[in-house]
Amino acid sequence: MFRILARSARTGIVTDPRPLAPRLQRGFPVIDFRRCTACGDCARACPTGAIQIGAADAASPGPSPGTTRTVSLAYGQCISCRECIPACPEGAVTMGSSFDLVAYTREQLVHRASFDLYPSGRATFRQEESVPGPSLAESATMLAARIRGRFGRSLHVRQVDAGSCNGCELEIAATTNPVFDLERFGIHFVASPRHADLLLVTGPVTRNMEIALRRTLEATPEPRVVVAVGACGCSGGIFGEGTYAALGGVDRVVPVDVYIPGCPPPPQAILAGLFVAMGIREARSRPEAPEAGATSA
Amino acid sequence: MNATIEAVRETLGLPASAISAPRPGELRAHVEPGALPDVADRLVAGLGARLASLFATDERVWNAVYALHQIWLLPRQRTFLRVTSRVDPAHPRFMSIAAKHPSANWFEREVVDTFGLVPVGHPNPTPVSLHDDWPAGEWTLRKDFPDDRQVTRVPGSFHPFRPVTGEGVFHVPVGPVHAGIIEPGHFRFGVAGEPVLYLQLRLFYVHKGTEKRFERLPWRHGIFLAESISGDTAVGHALAFAHAIERLIGCEPPPRARYLRVVLLELERIYNHVSDIGAIATDVAFSVPAAHAQLLRERLVSLQERLFGSRLLRGTVAIGGVKADLEAAGRDELLAHLGRLKADFESLVTLLIDSGSFTDRIDGTGVLSTEAARDLGVTGLAARASGLDEDLRRDHPHDAYDAFGFVVPVEEGGDVRARLMVRAREVEQSIGILRQALGALPDSPLLTPPPAELPAFSAALGWAEAWRGPCLHWVETDAYGALTRVKVTDPSFRNWPGLARAVPGNIIPDFPVINKSFNLSYSGNDR
């Protein structure tokens with residue numbers, strides 16, 4: 001007993017007072033569209049299809065009709081494998097410094113730009129495109145109205161693994177360790193959905209977990225919030241969507257209020273996402289570009 | 001190699017032409033379909049062989065047959081042997097070996113589930129991987145089954161669990177959604193009050209079609225799928241896949257990459273073992289050491305993030321080498337950290353095993369006997385805790401393991417304590433391996449770039465002894481050099497039957513700590 005006390009005294013307080021401070025080395029990739037030529041090398045290097053080269057968009061024709069191209073990066077699908085960075089011949093893709101992206105819709109996690117395509121084959125940046133659907137501020141207002149300020153000081157969370165590889169579970173469990181200690185923020189993991197305010201769901205939702213996930217949601221009292229965690233929970237990730245075994249993102253099965261991308265998102269990002277769901281933090285759905293002079297490695 | 005072929009040929013009584021050695025450490029034997037049981041008996045009795053994997057392939061397009069493959073580990077010959085037999089599509093069945101060799105039980109049932117090839121003579125040929133709402137006649141790994149087919153659910157039919165009768169005897173259902181932050185699976189306990197009479201497992205809730213997915217993705221992207229087979233074994237599975245592809249194309253990673261791969265795999269072993277020992281303490285409500293263990297783990301994974309750019313070491317292994325280098329400063333920092341970790345970890349283990357209330361819960365709990373472990377094909381750390389002395393790092397060295405001195409800890413008890421002690425002693429050995437590797441990091445490039453295309457019609461086996469046990473990847477290409485079959489064998493698939501065997505006779509409150517002492521992956525099992 002004395003040894004246990006002595007050990008605790010020797011260890012002291014290890015809890016990080018500011019767990020959200022962005023201290024990680026490498027975050028999500030960022031495309032500098034002004035240097036991009038829409039060649040598509042990054043899209044071919046991307047294992048999950050997070051980077052897409054879009055066809056002509058009839059609504060906004062280029063120099064001659066039907067000669068517009070779009071480039072989009074969907075952070076919901078990004079597994080931070082960094083394959084796109086060396087693939088880019090222009091050096092337009094760099095490692096961003098942010099890892100803690102949070103959004104309310106899948107579309108908010110998409111970064112898209114349009115390019116004018118010339119007959120010579122050259123493509124030049126035209127503009128960044130807005131994504132359809134509500135903005136982050138509109139979504140925040142809608143979510144706040146639905147939960148009517150009931151969460152904020154205390155939140156009971158039921159975690160549901162609907163198909164994950166267990167990487168997200170490791171990082172969710174890490175939020176309870178002495179360094180992150182999420183209980184100090186009034187967040188508790190509970191053993192039953194009947195005790196829960198929020199379902200923290202990882203994916204991809206499998207065919208064999210679809211029914212269990214629906215029933216878990218039904219067992220959760222209103223008002224309830226569903227948070228999708230990880231690239232697979234947000235979009236199906238590397239396992240894809242609509243295969244015989246994996247249905248895809250959590251929103252293919254139950255409505256999702258908050259998305260936390262990453263493969264897996266680190267504990268800091270999961271905490272940030274829970275704070276957004278509680279309405280005590282603003283969501284940020286775009287990574288910051290690397291600081292000037294930062295290397296692209 | 002010739003002596004090995006001769007020994008195998010003699011044991012099996014086959015003509016010399018039936019056995020070939022496509023590459024070091026890997027033998028191939030073609031046998032007649034009817035000879036499979038006899039070959040298995042001879043291999044086990046004559047050479048002490050252990051079944052490492054069993055699967056089928058659909059070769060109807062090229063060869064007009066299915067094929068059944070058994071991968072055996074020959075410990076004395078230090079080689080793997082793949083025994084292949086054709087299966088006639090007009091008579092889709094093969095000779096089962098499961099009645100005599102229970103290690104083949106789940107493997108053969110999975111072949112029925114995914115290929116529709118029936119094991120003749122299997123004592124219990126019921127589905128193991130298919131759920132009750134899966135219709136008959138849909139074989140997912142056959143080539144004519146598209147990976148995006150939407151299969152309608154069959155209504156009704158609740159799973160027929162084994163009934164229990166008697167006064168005070170009843171079922172306790174648990175899952176698939178569990179009370180903690182863990183993966184989904186259904187456990188059905190038949191209990192008489194507190195003591196468990198038997199445990200039935202219902203897994204494959206997180207089946208993601210991973211093996212089919214490998215056939216769809218470009219082979220270079222397969223390494224990212226391999227990292228997601230079981231998130232806690234990202235390095236182990238990435239290495240097994242990379243080894244398979246490298247052996248297929250004859251690509252040798254540079255020396256520095258081979259050393260760094262050892263560093264990555266041992267770091268993965270340490271963070272998982274430390275975390276599991278803490279989780280065993282959690283499950284007996286001994287919270288101070290549990291919190292200390294999670295602190296040690298967190299400090300290590302955050303250092304991994306700084307040194308390698310990923311907390312769980314994802315994206316560090318590449319086909320042909322590694323992507324993450326370690327500078328001199330990082331190497332010194334890691335060595336210093338390991339020194340502190342070793343001291344902290346040793347005092348943590350001492351604290352645990354000196355506590356009578358803790359050892360009271362782990363001594364004699366969840367015993368898996370040596371015989372049961374051997375017969376069921378249990379592997380990895382669970383096997384070593386049940387007295388089976390096997391470790392691929394020593395017996396079939398991959399990467400740079402043949403350059404280091406280490407011992408393989410083996411415990412005889414087969415209980416929770418034995419599995420805890422194997423972990424504790426392996427952490428000590430891993431730190432020793434890391435010190436040797438970091439002290440002698442060769443200077444070389446990090447990558448031998450692989451060719452743009454894989455050779456056509458070839459197959460290779462890759463393996464890695466990850467923290468839980470051996471990860472095996474067998475890959476095969478078609479006429480265009482695309483991956484046409486990837487068989488993934490996670491140690492969990494071989495160890496779940498061992499867990500089901502270790503639980504009966506214990507009381508239900510001891511189930512969590514027994515389960516945690518194995519800490520099997522649901523995702524790795526279900527794929």
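**Exercise 1.** At roughly what angle do the axes of helix 8 and helix 9 of chain B cross?

*Solution.* This is a predicted model, where local features need pLDDT of at least 70, side-chain atom pairs count only at pLDDT 80 or more, and totals for chains, interfaces and linings use all residues. Residues are numbered from 1 along each chain as its sequence is written, and chains are lettered from A and ligands numbered from 1 in the order in which they are written.

Step 1: find helix 8 (residues 255–283) and helix 9 (residues 287–308) of chain B; helices are DSSP runs of H or I with at least four residues, and strands are E runs of at least two, numbered from the N terminus.

Step 2: fit lines to C-alpha atoms over the stretch in contact, with angles from 0 to 180 degrees between N-to-C directions. The two axes come within 8 Å and cross at roughly 160 degrees.

Step 3: angles over 145 degrees count as roughly antiparallel, and helix 8 and helix 9 of chain B are therefore roughly antiparallel to each other.

**Exercise 2.** How many residues does each chain bring to the contact of chain A with chain B?

*Solution.* Step 1: pair residues whose C-beta atoms, placed from the backbone, lie within 7 Å. Chain A gives 48 residues and chain B gives 45 residues.

Step 2: look at which elements of chain A take part. Helix 1, strand 7, helix 5 and helix 6 each supply at least two residues, and helix 5 has the largest share, with six residues.

**Exercise 3.** How far apart are the C-alpha centres of domain 1 and domain 2 of chain A?

*Solution.* Step 1: take the bounds, from an automatic or database domain assignment: domain 1 is 29–98 + 108–129 and domain 2 is 136–278.

Step 2: the centres lie 29 Å apart.

Conventions: Angles under 35 degrees count as roughly parallel, over 145 as roughly antiparallel, 65 to 115 as roughly perpendicular and the rest as oblique. Two residues are in contact if their C-beta atoms, placed from the backbone, lie within 7 Å.
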